[in-house]
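Grab a coffee and open your viewer. Here are a few exercises to work through, each with its solution.

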Amino acid sequence: MKKKILITAVFVLCFSAVFAYFADLNGNWTGMLSTPDGQEFPLNYTFKTDNGTLTGTAANPQGTVDLAEGKVKGDSLSFSIDVNGVKIPHTGKYFADGDSVSLNIDYQGMKFHTTLKRAVDKK
């Protein structure tokens with residue numbers, strides 16, 4: 001009986017460790033930004049969190065920029081990027097259950113929304 005309890009406890013701990021590994025914001029994320037005129041632009045973000053600070057990069061076909069003013073509090077995140085002197089604020093929420101990020105982008109008063117999914121490494 002003790003052996004069954006011990007094995008069950010080990011499995012629960014292993015499952016928890018695996019879930020904790022995948023259930024965080026760190027890593028590569030992808031999504032599409034749709035404009036009102038129907039154009040779509042691929043978005044790629046790399047996020048790294050450290051004690052409430054969010055750093056990383058944002059990339060699209062025009063290039064890569066560093067995240068600035070990045071913050072994480074619970075499941076909420078915010079950061080901005082600078083594209084050719086234009087500050088573009090981003091706010092969002094991380095959903096661990098769906099392993100996704102709901103992201104709102106404010107580009108010079110125009111509001112955009114996208115959903116990011118964790119990028120899958122191609123090997």
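The exercises below look at two residues and then at confidence, all in a predicted model.

**Exercise 1.** Work out whether His-90 is buried or exposed, and find what its side chain reaches.

*Solution.*
- Step 1: Place the residue. His-90 sits in strand β7, which covers residues 86-95.
- Step 2: Check the accessibility. The relative accessible area of His-90 is 2%, and the cut-off for buried is under 20%, so His-90 counts as buried.
- Step 3: Look for a polar partner. The His-90 side chain gets to the backbone oxygen of Ile-88, at 2.9 Å.
- Step 4: Skip residues up to four places away in sequence and list the rest. His-90 then touches Tyr-45, Leu-77, Ser-78, Phe-79, Ser-80, Ile-81, Leu-103, Asn-104 and Ile-105.

**Exercise 2.** Do the same for Thr-49: which strand holds it, and which residues is it in contact with beyond four places in sequence?

*Solution.*
- Step 1: Thr-49 belongs to strand β2, residues 40-50.
- Step 2: Its relative accessibility is 27%, so Thr-49 goes down as partly exposed.
- Step 3: With neighbours within four places set aside, the contacts of Thr-49 are Leu-25, Asn-26, Leu-54 and Val-72.
- Step 4: Now try a C-alpha distance. Thr-49 and Lys-71 are separated by 22 residues in sequence, yet by 8.4 Å in space.

**Exercise 3.** Find where pLDDT stays under 50, and set that beside the chain mean.

*Solution.*
- Step 1: For the protein chain, the mean pLDDT is 83, with 79% of residues at 70 or more.
- Step 2: Over residues 8-22, pLDDT stays under 50.
- Step 3: Count contacts there: the model has three beyond four places in sequence for residues 8-22.

How values were computed
Residues numbered from 1 in each chain as written. Predicted model: local features only at pLDDT ≥ 70, side-chain atom pairs only at ≥ 80, totals over all residues. Heavy atoms only, no water. Helix = DSSP H or I, 4+ residues; strand = E, 2+ residues; numbered from the N terminus. Buried < 20%, exposed > 50% of the residue type's maximum accessible area, 1.4 Å probe, protein only. Contact = heavy atoms within 4.5 Å. Polar contact = N/O pair within 3.5 Å; in protein donor to acceptor, adjacent residues only side chain to side chain. pLDDT = per-residue confidence, 0-100.
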